Amino acid sequence: MNRKILKLENLLRFHTICRQLHSLCQRRMLAQWRHVFSSAYAVQTAQLYTRPWQTDALIRAALFQRRLLVTKKEKRSQKSPLPSTKSKKEVEVWLGMTVEELARAMEKDIDCVYESLMNTAVDIDSLETHSRLDEVWIKEVIKKSGMKLKWSKLKQDKVRENKDAVKRPQADPALLIPRSPVVTIMGHVDHGKTTLLDKLRKTQVAAMEAGGITQHIGAFLGHAAFSAMRARGAQVTDIVILVVAADDGVMKQTVESIQHARDAHVPIVLAINKCDKAEADPEKVKKELLAYDVVCEDYGGDVQAVHISALTGENMMALAEATIALAEMLELKADPTGAVEGTVIESFTDKGRGPVTTAIIQRGTLRKGSILVAGKSWAKVRLMFDENGRAVSEACPSMPVGIVGWRDLPSAGDEILEVESEPRAREVVDWRKYEQEQEKNKEDLKLIEEKRKEHQEAHRKDREKYGTLHWKERSYIKYKEKKEQQPLKLKEKLERDSNVLPIIVKGDVDGSVEAILNIMDTYDASHECELELVHFGVGDISENDVKLAETFHGVIYGFNVNAGNVIQQLAAKKGVKIKLHKVIYHLIEDLQEELNSRLPCIVEEHPIGEASILATFSITEGKKKVPVAGCRVQKGQIEKQKKFKLIRNGHVIWKGSLLSLKHHKDDTSVVKTGMDCGLSLDEETIEFKVGDAIVCYEEKEVPAKTSWDPGF
């Protein structure tokens, strides 16, 4: 409406100016005619041109108004029918952005991101530049910065091409040839597994390993590592020889071994060991195994049972024949052609050779110069050697072989695949590392989301708690709560430090470390003392291990490794314990003792004497009446300085100290068996009854023991 009125006023002004110009032009024409016909030319001319500035001003005003109207019309024609909005800067974002990436995308400083997240549920103090942001917080930052959000299709939709190496398709049955069986010896600790191997392989394995796990060259596996490999799907075992001591019978690890073999669908040959002992009872072992569905041929089953003595070598040939007979029934075959496929049995670092693996070849023939990939490591084979340490030029299926030439140390159980070239091997390893990183990112995002929900819930509760209060009251209450929590946190920290055992584990080979960690995975007494694995690895104990143990106040455990004099002196100087062992179950027992030392002592009650109440009465002391019990000591003696408890009908109704103890009318400190006495308690509200028992005892602190049972 205002625009229409303004337009009408402009038109009226323009019309008035035009009329004025028209009258001015008429006056000029009239003046010219007068100049021609009138004799008073000079006078008329003077009158006409006395005020020329008025004419010029009117013309300028008219032209200005004209230009104003034309300009406004042009502007109105250029305007869009919809009102224009101020354009916002568009920011390209993607899921899982870090703080630094978001700031870079916004072309802002990192502080801008932090400022936008203030007064939200995000914990700013724990937020680092590399911390990943949830979708909600990315949107919040963009919104508060006055920008427009655009999800990056490139980041979301771009899928990296799978460059992993895979197994070949199944071979033509015509190409398969018979192969030797891969045998795993399993059983309980000290049932004779290593001694049996010593006889079977005619080596000094038992002397070298001193009863530890049997996992070195030769591809015979202890049950702990076998379990870990089975979990990865590494089916390298054809036959399991289950060793059970005839004098000990079926034990916990025997049952575990049976379960591992059954889960892997591997047949069992039963070796009943230590039959040379007088207390040996092989039939008892067979009957005990019936409860676990291991039925020997003597009882109508299909499990071969051989009575042996690994120490004397008795029936070793019979055991070998039973194993070969079972292998023939299985008709084991393999393809010796094409690219190599195998499994890492063991891996360790040799000072002269670098990373070394023991492997079982399952397909193809391995030769010097082959390019292999296992896990996130690759190798160009420089040297191969057999179980006796002799160099070999090639390895066929089922053959255990040591491989030298790895760039990094693969893990036991990793699948070995041959590839065509070194660039291809690097490509495969890079892909696997990328895939692992992607999985880690997913886990990180999941944790971030959980943390965000926790913070949101805490923020909501705080708002409900303090929302109705004035800001001064709210600040004062928060200050008081914080002040009360400070000493509490210090106390909690001290308790936590005493109830946590940080450990570092170092082993000679990868499988040894893995077996130890598998046993530690059974730890189920965290409510007593938390077992915290700080670091584990292969190789001798180093200076870095000592520094790490000092930082975490932990203990270093080594299996079949060394700690030099310099390292031991450094550890002693820093107060770090180094515990070296050559037998795994000795290491675990040591660990149990260390856990016991971290537990608070248990207070035990030791009875000194017991008296029965024969009569009750009361005496007056000042203005108070004190109940007194007349007693006779039935067992031991009662001592006034010790602690007492009152028992009625088998229930303890009071614990404390005596106020007085008298024999006849004399105060006394000790009353022995058969003597009468009168006593009063330090708590006057307790009433005695005839027949109650008074027990005198002392408290002693005894070391606590962990409830963790690793099965040894």
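Let's start at E331, which sits just after helix α13 and takes a positive phi of about 50 degrees. Keep in mind that we're looking at a predicted model.

Step back from E331 into the helix itself. α13 covers residues 316-330, and its 15 residues reach 21 Å from the first C-alpha to the last, close to the 21 Å expected at 1.5 Å a residue. Its buried residues are M316, L319, A322, T323, L326 and A327. They span an arc of only 135 degrees around the axis, so they end up on the same side of α13. Over on the other side, M317, E328 and M329 are exposed.

Now for the sheet. It's an open one with four strands in the order β4-β5-β6-β7, paired in parallel. β4 (183-187) and β7 (304-307) are the edge strands, each pairing on one side only. On average, neighbouring strands here are turned by 25 degrees against each other, ignoring direction. Zoom in on β5 (residues 239-245) and β6 (residues 268-273), and you'll find six bridges in the parallel sense, with V244 standing opposite I272 in β6.

This is where α13 comes back in: it packs on the sheet, touching β4, β5, β6 and β7, and its direction makes about 150 degrees with that of β5. Helix α11 (residues 252-263) lies across β4, β5 and β6, running at about 165 degrees to β5.

Last stop: L289, in helix α12 (residues 282-290). Is L289 buried or exposed? With a relative accessible area of 0%, L289 is buried. Beyond its neighbours within four places in sequence, L289 is in contact with V250, I258, L270 and V294. Take V250: L289 and V250 are 39 residues apart in sequence, yet 7.1 Å apart in space, C-alpha to C-alpha.

Definitions and conventions: Residues numbered from 1 in each chain as written. Predicted model: local features only at pLDDT ≥ 70, side-chain atom pairs only at ≥ 80, totals over all residues. Heavy atoms only, no water. Helix = DSSP H or I, 4+ residues; strand = E, 2+ residues; numbered from the N terminus. Expected span 1.5 Å × (residues − 1). Buried < 20%, exposed > 50% of the residue type's maximum accessible area, 1.4 Å probe, protein only. Arc of directions from axis to C-beta. Contact = heavy atoms within 4.5 Å. Pairing = 2+ DSSP bridges. Axes fitted to C-alpha atoms, helices over the stretch in contact; angles between N-to-C directions.
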